[in-house]
Amino acid sequence: MKRGFPLAIQKQAIQKRAIQKLFIQTLALQRGRSAARRGVFSAVILIICLGAAPLYANTSEEHLPTLLVMGDSLSAAYGIEQEQGWVTLLAERLDGEAQVVNASISGETTSGGAQRFTDIIGQREPDIVLLELGGNDGLRGLPPAQMRANLATMIEQSQQAGAEVLLLGIDIPPNYGQAYRDAFTGVYHSLAEEYDLSLVPFLLEDIALNQQLMQSDGIHPTAEAQPIILDNVWPALEPMLEDTYQASSQ
């Protein structure tokens, strides 16, 4: 997926005027026909090169869309090499077309994430927030209502900052009881509906029940599972990226 971002046309115009001014000064200062010819040749070459520059090109990093991944161990590459994690694979797939900031911490709960979030979003100013939290709340048996309130806080802060939110849902083992499990997973669906968010219902779809794709703890996916996680996220993320690229080009 290769795209270009518009360069500042005003900057090009300034550069052209500067070169033209230099050209005039060169003619005035050069003495002798041969020296003048060399000045004309140099200036013309510069103008030709500038005119041949593409109107669309990759800009510096500060102009690229920023994706902020706010998650727990599932996004922090727990138990595997950092470069094997799905967030790193996402950055590689984007191939320099966006900045990916991974603010995920193993063991993070929605409460901890909410406490950190204000500073992070203020510093990074993301265009898209991938919110992957809640798993540790569920494993600790924390109230789903509390989890929902924490996630809602981060969603609202994201939207107030002008960022789109992709909610990455998770499930918990059935031994927690069906009622608690339903309340837990229902949080993601109700938030997606209330705030009109894109939702990946289950981040570990086609992974969690496959022992070969899970580490020995039965909770964290292996390195081999990471491309599958990215493929689970990508169909929901790609349209959001398209919108962000279009907004950046206007």
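Here are a few exercises on this predicted model, each with a worked solution.

Some ground rules: residues are numbered from 1 along each chain as its sequence is written, and side-chain values use heavy atoms, with hydrogens and water left out. Local features need pLDDT of at least 70 and side-chain atom pairs count only at pLDDT 80 or more, while totals for chains, interfaces and linings use all residues.

**Exercise 1. Work out how many helices and strands the protein chain has, and what share of its residues is buried.**

Step 1: Take helices (H or I, at least four residues) and strands (E, at least two) as DSSP runs, numbered from the N terminus. That gives eight helices and seven strands.

Step 2: Call a residue buried if it has under 20% relative accessible area (1.4 Å probe, protein chains only). Of the 250 residues in the chain, 42% pass that test.

**Exercise 2. Find the order of the strands in the five-stranded sheet, then its edges.**

Step 1: Two strands pair if DSSP finds at least two bridges between them. Following the pairs gives an open, parallel sheet in the order β4-β3-β5-β6-β7.

Step 2: Look for strands that pair on one side only: these are β4 (99–102) and β7 (198–200).

Step 3: Zoom in on β6 (residues 164–168), which is joined to β7 by three bridges. Here L166 stands opposite S198 in β7.

**Exercise 3. Say which strands helix α8 touches, and at what angle its direction meets that of β6.**

Step 1: Use contact (heavy atoms within 4.5 Å). Helix α8 (residues 226–249) packs on the sheet and touches β3 (66–71), β5, β6 and β7.

Step 2: Fit axes as lines to C-alpha atoms, for helices over the stretch in contact, and take angles from 0 to 180 degrees between N-to-C directions. Helix α8 makes about 180° with β6.

**Exercise 4. Describe the largest cavity: what is its volume, and which residues line it?**

Step 1: On a 1 Å grid over the protein atoms alone, a cavity is a set of points where a 1.4 Å probe fits but cannot get out; lining residues have an atom within 4 Å of a point.

Step 2: Grid points are joined across faces, edges and corners, and a volume is the space filled by probe spheres set on the points. The largest cavity comes to about 40 Å³.

Step 3: Its lining is S73, L74, A77, Y78, I80, H220, P221 and Q226.

Notes
On a 1 Å grid over the protein atoms alone, a cavity is a set of points where a 1.4 Å probe fits but cannot get out, and a pocket is an open set with protein on both sides within 12 Å along at least five of seven lines; lining residues have an atom within 4 Å of a point. Buried means under 20% relative accessible area, exposed over 50%, partly exposed in between (1.4 Å probe, protein chains only).
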